[in-house]
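User: I am new to this structure and would like to learn how to read it feature by feature. Could you take me through it, giving the general idea before each case?

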Amino acid sequence: MITNEAVAQIAYVVPDIREACLQHARLFGTGPFFVASNIPLSSSRYRGRDVPFNHSSAFGQWGDVMIEFMQPEDDQPSVLTDVLDRTGGKAGMHHKAILVADPPTVAARFEENGFPIAFHGTLTAGVEVFMVDTLDLYGHMIELYAPSELVRGFFTMVRDAPAGFDGTDILRDFAFG
């Protein structure tokens, strides 16, 4: 078994993260969303090559799970364009994230089972991220990272933000690192 951890986040690739947040809020009453533009990375490897990963994301809480909307900021090949190529450029499920104690080992186990590491990067804040290509199996990627104090703090902030939320100030700018 690779992991039996629960899914902590569901992510979609969309053309406009702000519009996706507003639409989700209208449909499901979710919010607020924390919008991180041009997320800084100290390292970025796409399919074994050092390639910049220029993207923005927005994060909100949807019941018991975090939701993320991702948008590419260029047309460079990436884990986002991998999914967009499959959807004909339309929005779609990108990944489900799982917090695991040892992401490199779990990612290697996926690879040993025929699911390659499509992305390995580190946020400037030090959070290491792996995305495993399970597109043929599930139609989306699997994202892995450790439940560090920083990650837990971010998840807690997003989870607790809807308490007392009155529907105003849906989009809130946020910066990593």
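The dialogue that follows goes from the sheet to the helices and then to single residues.

Analyst: Before we begin, please keep in mind that this is a predicted model.

User: Let us begin with the sheet: how many strands does the sheet have, and in what order do they lie?

Analyst: The general idea is to follow the strands by their pairing partners and not by their numbers. Here an open sheet holds 11 strands with mixed pairing, and their order is β4-β3-β8-β9-β10-β7-β1-β6-β5-β2-β11. The edge strands, β4 (49-50) and β11 (171-173), each pair on one side only.

User: Which strands pair with β5, and in which sense?

Analyst: To read a pairing, look at the sense in which two strands run and at the bridges between them. Strand β2 is joined to β5 by three bridges, with the two running antiparallel, and β5 is also antiparallel to β6, to which eight bridges join it. One residue lets you see both sides of β5, since S57 is the bridge partner of A36 and also stands opposite M70 in β6. Between β5 and β6 there is a hairpin with two residues in between, and G63 in its turn has a positive phi of about 65 degrees. As for cover, seven of the eight residues of β5 are buried.

User: What does β10 pair with, and are its faces covered or open?

Analyst: A strand inside a sheet can be read from each of its two sides in turn. On one side, β10 (residues 141-145) pairs with β9 (residues 128-132) in the antiparallel sense over three bridges, and there F130 is bridged to L144 while M131 is bridged to E143. With β7 (residues 92-99), β10 pairs in the parallel sense over five bridges, and I98 is the residue that stands opposite L144 in that case. Both faces of β10 are covered, with M141, E143 and Y145 buried on one side and I142 and L144 buried on the other.

User: Where does helix α1 sit, and which strands does it touch?

Analyst: For a helix beside a sheet, ask which strands are in contact with it and how its direction compares with theirs. Helix α1 (residues 17-28) packs on the sheet and touches β2 (33-36), β5 (55-62), β6 (65-72) and β11, with its direction at about 145 degrees to that of β6. It has 12 residues and reaches 16 Å from its first C-alpha to its last, close to the 16 Å expected.

User: Why do the buried residues of α1 lie on the same side?

Analyst: In general, an α-helix has 3.6 residues a turn, so residues three or four places apart point the same way. In α1 the buried residues are I17, A20, C21, H24 and A25. They cover an arc of only 135 degrees around the axis, which puts them on the same side of α1. What covers them includes β2, β5, β6 and β11, whereas on the other side R26 and L27 are exposed.

User: What can be seen at the two ends of α1?

Analyst: Helix ends are read from the side chains and backbone angles found there. At the start of α1, a side-chain oxygen of D16 comes within 3.0 Å of the backbone nitrogen of R18, and just after the helix G29 has a positive phi of about 75 degrees.

User: Which residues of helix α3 are buried, and what covers them?

Analyst: The reading is done in the way used for α1. Helix α3 (residues 103-112) has P103, V106, A107 and F110 as its buried residues. Seen down the axis, these fall within an arc of 100 degrees, so they line one face of α3. Their cover includes β8 (117-123), β9 and β10, and α3 is followed by G114, whose phi is positive, near 95 degrees.

User: How should I read a single residue: is S78, for instance, buried or exposed, and what does it touch?

Analyst: A residue counts as buried when its relative accessible area is under 20%. S78, placed in the loop between β6 and α2 (79-87), has 6% relative accessibility and therefore counts as buried. Leaving aside neighbours within four places in sequence, S78 is in contact with Y46 and F53. A25, which lies in α1, is also buried, with a relative accessible area of 12%. Not counting residues up to four places away in sequence, A25 touches T30, F33 and I170.

Technical notes
Residues numbered from 1 in each chain as written. Predicted model: local features only at pLDDT ≥ 70, side-chain atom pairs only at ≥ 80, totals over all residues. Heavy atoms only, no water. Pairing = 2+ DSSP bridges. Helix = DSSP H or I, 4+ residues; strand = E, 2+ residues; numbered from the N terminus. Contact = heavy atoms within 4.5 Å. Axes fitted to C-alpha atoms, helices over the stretch in contact; angles between N-to-C directions. Buried < 20%, exposed > 50% of the residue type's maximum accessible area, 1.4 Å probe, protein only. Expected span 1.5 Å × (residues − 1). Arc of directions from axis to C-beta. Polar contact = N/O pair within 3.5 Å; in protein donor to acceptor, adjacent residues only side chain to side chain.
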